[in-house]
Amino acid sequence: MSEKREEDLKTNFIYTMIKEDLEKGALQGSPVHTRFPPEPNGYLHIGHAKAILLNYGIAQDFNGKFNLRFDDTNPIKEEQEFVDSIKEDIKWLGADWEDRLFFSSDYFEVKYQFAIRLIKAGRAYVCDLNQEEIRDYRGTLTEPGKESPYRNRPVEENLDLFERMRKGEFPNGSRVLRAKIDMASGNLNMRDPVLYRILHAEHHRTGDRWCIYPMYDFDHPFSDCLEGITHSLCSIEYTDHRPLYDWIVDNAVELMPEEVKYRSRQTEFARLDMTFTVMSKRKLRRLVEEGFVDGWDDPRMPTIAGLRRRGITPQAIADFQQRVGVSRADSTVDLALLEHCIRQELENTAPRLMVVLDPLKVVITNWPDDKTELCQMENIPGNESAGSREVPFSREIYIERDDFMEDPPKKYFRLAPDREVRLKGAYVIRCDRVVKDSEGNIAELQCSYDPQTRSGSDTSGKKVKGVIHWVSIKDATMIDVNLYDNLFTVENPEEDDEKDFISHINNQSLVVSEDIPAEPAIADVPAGSRFQFMRKGYFYLDPGINNRNKPTFNRIVQLRDSWAKMKK
RNA sequence: UGGGGCGUGGCCAAGCGGUAAGGCACGGGUCUUUGGAAUCCGCAUGCGUAGGUUCGAAUCCUACCGCCCCAGCCA
């Protein structure tokens, strides 16, 4: 990518803001410091990849630092299993947190101390209202709330109660610690938000050491302050939490200056949405739990694990993220952009192989029965360093069924009766006869080759328009292929609130093809490698399901097909 | 009907008072032993709408319209 292009891509409002901060000296010498704060309660998807690469990219571009911090303040939903998968996914994407792997739960003790200082300052109180009462007292979107009867409890009583909450003297839900802000605020987040709740639950890291846990709004800004995060990026729906974020930061700076490394600021940006898929955790879970896919890492899922198994590269995802850009406007990016990024990369890196996905037998009638000739073919056209290979050619071959038409339309320039076509890397053949079975289906083609037309030493002067791929039958290696397509048939499966998104599932999203003939070179290919099956698409030898006797390839993406477009 | 956010071509997205970048998609040409790739050309007299300020407005002001988010002891 040229420098010019790199510059263009980074003209987003966050980069502009950071540059301004740096020019103004607003960071007071601190390095630019970002973080990615996942909750370990599920799998990461491509939307998270946008956030990860944005945060990591900023740290890189401004010579700063990037932290990974698990937001593990809710022991009921969080598990070690997700910590592991999230770390793996982020590493795979190429974001490096170096030695800065943190957990919100690392700071539970300091946070408890901070809460105590808030109480002492008269800015937080223990509230005995139950959940339903708190909701009632909160008011509605259009009416102000009422103050809790416990709001003006003496500091000493609050301190005592809060300490006993920690000791486990009270059951779940019986009391909470709340900030004393403004029950009449138009912003519901400021109506005395809950800071701590009682949860007698085993935490994946702290075990049973705690039975009170901080809420996100209290925890997150404070964690940012402790880690010295300068730019706390999050998605748009947190915009109305920003006043509360700032309230916490202000109090942290005032009440716990010795602990605060930086007065962090929150900036929101639009989350990523894409056509032909769903992104919400709830919907993805339904796909998994109701068996529409084979798990979180099913290659049709927009999860990082799914994209990885599909064969998509981290480079392609990074390129995609760059091209999508960053703004505050709700947006749904065209899947075609991701596909473009994938093809763009694989075009220059994936070796070519010939595989016939839907075989039709062709007999070269003027080719000797027992003769095999080796055709030299480049692995990546135009890239000599990628080397070449020998592909055996013989009397009986397979071609794609749709590379022949008995009664071709005007602009069809592949094989047809009495027409010629070039077999890629080999000879020009002519179709002399069509053999049909008893039901009238085309069973075999009888063709003749022109010896003058050998690839690379063609003396015939023939100019044939069509070039098709082929596989020698007796030399073929059989493989299995998973032909993946979009999981949904419509661009936006969640558009219609009345209709369940499940009803838009594409029942052709996975077509399994077994015993597909491929050129013999495919037998020696290492798991985890990617290829272009000529004229068909890019494929990935899935290491997860590799059977050495019969390898299984996942289709990553099809090649662009202007013929298919023309037919429409 | 409270608070907040957002509206620039089909989809993203620059632009920050000097006369609409770029990418994807789309259409067309060249080239091609992948109908791939590459390459060239085209694609908003227009920036949600209506007024206003100004020599000059996507950018400033006013009003209106539309979409999204918020009433978890989730994050």
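Select Phe501 of chain A together with Val278, Lys283, Arg286, Leu287, Phe488 and Pro493: Phe501 touches these residues, leaving aside those up to four places away in sequence. Contact here means heavy atoms within 4.5 Å. The model is predicted; local features need pLDDT of at least 70 and side-chain atom pairs count only at pLDDT 80 or more, while totals for chains, interfaces and linings use all residues. Residues are numbered from 1 along each chain as its sequence is written, chains are lettered from A and ligands numbered from 1 in the order in which they are written, and side-chain values use heavy atoms, with hydrogens and water left out.

Stay on Phe501 and show the backbone. Phe501 sits in the loop between strand E20 (477–484) and strand E21 (510–518). Helices (H or I, at least four residues) and strands (E, at least two) are DSSP runs, numbered from the N terminus. Is Phe501 buried or exposed? Phe501 is buried, because its relative accessible area is 4%; buried means under 20%, exposed over 50% and partly exposed in between, with a 1.4 Å probe and protein chains only. Draw a distance from Phe501 to Lys283: C-alpha to C-alpha it is 8.5 Å, although the two are 218 residues apart in sequence.

Next, select Ile522. Ile522 belongs to the loop between E21 and strand E22 (530–533). With a relative accessible area of 1%, Ile522 is buried. Add Leu353, Val355, Thr477, Ile479, Phe533 and Phe553, which Ile522 touches when residues up to four places away in sequence are not counted. From Ile522 to Ile479 the C-alpha separation is 8.7 Å, and their positions lie 43 residues apart along the chain as the sequence separation.

Now turn to two backbone angles. Most residues other than glycine have a negative phi. Asn63 is not a glycine, yet its phi is positive, about 60 degrees. Look for Asn63 in the loop between helix H3 (46–61) and strand E2 (65–70). Asn63 counts as exposed because its relative accessibility is 70%.

Which loop holds Asp418? Asp418 is in the loop between strand E14 (396–400) and strand E15 (420–423). Its phi is also positive, near 65 degrees, in a residue other than glycine. At 54% relative accessibility, Asp418 counts as exposed.

Colour by domain next. The assignment, automatic or from a database, gives domain 1 (3–269), domain 2 (281–351 + 479–567) and domain 3 (357–468). The centres of domain 1 and domain 2, taken over C-alpha atoms, are separated by 35 Å. To see where these two domains meet, show the 24 residues of domain 1 that are in contact with 24 residues of domain 2.

Finally, zoom out to the whole of chain A. The cartoon contains 14 helices and 24 strands. Along the principal axes, the C-alpha atoms fill a box of roughly 100 × 50 × 40 Å. The radius of gyration is 31 Å, whereas a compact globule of 568 residues would have one near 24 Å; the radius is taken over C-alpha atoms, and the globule rule is 2.2 Å times the number of residues to the power 0.38. Of the 568 residues, 51% count as buried. Among contacts between residues at least 6 apart in sequence, 71% join residues at least 24 apart.
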